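Let's take a walk through a protein together. Keep the sequence and the 3D view open side by side, and find each spot as we come to it.

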Amino acid sequence: MKDKILKIVKENTMLIVLVLVVLFFNATTHGTMLMPSQFNALITQNAYVYVLATGMLMCMLTGGNIDLSCGSFVCLVGVIGAKVMVNMGAPTIVGILVMLLVGVIYGCVLGYVIAYINIPPWIATLAGFLALRGWGVALLNGNSNISPLPADFCGLFSGKMNDLFGGPRIGGVQYNMTSIVIGLIASVLVVFLLFRERATKIKKGYVADSFVKVVVKSVLICFVIMLFGYKFALAGGVPYSLIWVAVIVIIYSFITSKTDIGRYFYTIGGNKEATRLSGIDTKRIMFIAYLNMAVLTVVSAFLTMARFQAANSTAGTNYEMDAISACVVGGVSAYGGSGSVFGMIIGATLIGVINLGMSLMGIDANWQKVVKGVVLLGAVVFEILNNKKTATK
């Protein structure tokens, strides 16, 4: 019994830490942390972290590789998009397509020099870190920002879903019933998928979770989903940024767990030479990793621009560090070969909660960086010690 409890704690360490951190900040802020507005702020202010961390996860799986240029690229591609939509007066769809095209071009160039010219990723992306922001600021021609961005662009990436069901007004608060309905649908879907996965494993003779464990997992996940649905109902509706994040993490969760190309990322990180000798084109996988990172960086630029309704010279500052921190804290190995989208979500949420909680407490931004640095170091130390214990058994 004791071993089972220790195993559960070990497997869900960061999830437990996340719950404890939320409770701590809720107590120190006298309940402010769990107000509907803060649930909304947690998503809207950290949507870029989830998107960038998803791309960073794919890079790190290939052997602990990272992209230091993504924050600076957010600045550059945002300025380009703003010039097209604001200065040139082009339709929003044209601006979006131009930004995506720039992302694909940059991703191809970066992926090529890393995968086929064998430039170390940290050097290639460090060059981008230095050059891209400088280029973006230069394109501003001495201005601090380009604004205002088109209302339809901002609404698409930072607005909220309208209530389609005419929710009631109780105690002076208008309930957005669409948020509740979405939560219910998501909960039913989660339960269905969890039990179908268990049934499939049993049918194929694989090791599967017990019925009780699946029930407990379903109840906990549904509780979290419905809690967010209820809070969003009180806060005016589900933010579109959450929809974008949800679509991306669902797609990449499927890719990493259910497809051959997703497994290749893991095998390259585990043993690149053995993967190559088995007939897998490791260069192509590395190329795809950085092309994918560039495209997701453009999506995070959409979310950032819409949130501030402008493109500015400081956009994307330290974004690469937040994405790397989210992955490492979420259990993605700094050496590659292991990690999951779910773990990354936990890590990104923990970083977001720490940011939000310390801001509510009025803690200086410099001390916030100290705390995040300690959390990041602690996660790496935990991974190393855990690997040593596993190796000695």
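Before we start, one term: a helix here is a DSSP run of H or I with at least four residues, and helices are numbered from the N terminus. Also keep in mind that you're looking at a predicted model.

Our first stop is helix 4, which covers residues 70–87. Just past the end of helix 4 sits G89, and its phi is positive, at about 70°. Now look back along the helix itself. Its 18 residues reach 24 Å from the first C-alpha to the last, which is close to the 26 Å expected at 1.5 Å a residue. Is helix 4 largely enclosed or not? Count the buried residues: a residue is called buried when its relative accessible area is under 20%. In helix 4, 15 of the 18 residues are buried, so the rest of the structure largely encloses this helix.

G89 isn't alone in having a positive phi, so let's visit two residues that are not glycine. H30 has a phi near 55°, a positive value in a residue other than glycine. You'll find H30 in the loop between helix 2 (13–28) and helix 3 (36–61). With a relative accessible area of 75%, H30 is exposed. Then there's Q309, where phi is also positive and near 55°, again in a residue other than glycine. Q309 lies in the loop that runs from helix 13 (282–308) to strand 4 (311–312). Its relative accessibility is 45%, so Q309 counts as partly exposed.

While we're on the backbone, check out the step from S147 to P148. Is that peptide bond cis or trans? It's cis, with omega near -5°. P148 belongs to the loop between strand 1 (145–146) and helix 7 (151–158).

Now turn to the surface and hunt for greasy side chains. Y112, Y116, I117, I119, W122, I123, L126, F129 and L130 make up a nonpolar surface patch, and together they have about 840 Å² of accessible area. Which helix gives the most to this nonpolar patch? That's helix 6 (residues 121–139), with 5 residues. One residue to click on is L126, which is found in helix 6. L126 has a relative accessible area of 31%, so it counts as partly exposed.

Charge gathers on the surface too. R196, K203, K204 and K258 come together there in a patch of positive charge. Helix 8 (residues 177–204) gives the most to that positive patch, with 3 residues. K203 is found in helix 8, and at 76% relative accessibility K203 counts as exposed.

Stay on helix 8 for a moment, and look for charges that pair up. K201 forms a salt bridge with E197, and their closest N and O atoms are 3.8 Å apart. Where do these two partners lie? Both are in helix 8, 4 residues apart, or about one turn of the helix. K201 is partly exposed, at 30% relative accessibility, and E197 is partly exposed as well, at 35%.

A little further along the chain, K213 and D209 meet in a salt bridge, with 3.7 Å from N to O. K213 counts as partly exposed at 38% relative accessibility, and so does D209 at 29%. This pair belongs to a bigger story: D209, K213 and K217 are linked in a network of salt bridges.

For another pair, find helix 12 (residues 272–277), where E273 and R276 lie 3 residues apart, about one turn of the helix. Their side chains meet in a salt bridge at 2.5 Å, N to O. E273 is partly exposed, with a relative accessible area of 42%, and R276 is partly exposed at 44%. How many salt bridges are there in total? The count comes to 6.

Let's finish with K372, in helix 16 (residues 365–392). Is K372 buried or exposed? At 18% relative accessibility, K372 counts as buried, because the cut-off for buried is under 20%. Last, try drawing a line from K372 to A138: the two are 234 residues apart in sequence and 31 Å apart in space, C-alpha to C-alpha.

Notes: Residues are numbered from 1 along each chain as its sequence is written. This is a predicted model: local features need pLDDT of at least 70, side-chain atom pairs count only at pLDDT 80 or more; totals for chains, interfaces and linings use all residues. Side-chain values use heavy atoms; hydrogens and water are left out. Patches are made of residues with over 30% relative accessible area and no salt bridge: like charges are joined within 9 Å, nonpolar side chains (Val, Leu, Ile, Met, Phe, Trp, Tyr) within 5 Å. Accessible areas come from the Shrake-Rupley method with a 1.4 Å probe; for residues, only the protein chains shown count as cover. A salt bridge is a side-chain nitrogen of Lys or Arg within 4 Å of a carboxyl oxygen of Asp or Glu. Lys and Arg count as positive and Asp and Glu as negative; His and the chain ends are not counted. The place of a charge is taken as NZ of Lys, CZ of Arg, CG of Asp or CD of Glu. Helices (H or I, at least four residues) and strands (E, at least two) are DSSP runs, numbered from the N terminus. Buried means under 20% relative accessible area, exposed over 50%, partly exposed in between (1.4 Å probe, protein chains only). The expected span of a helix is 1.5 Å times one less than its number of residues.
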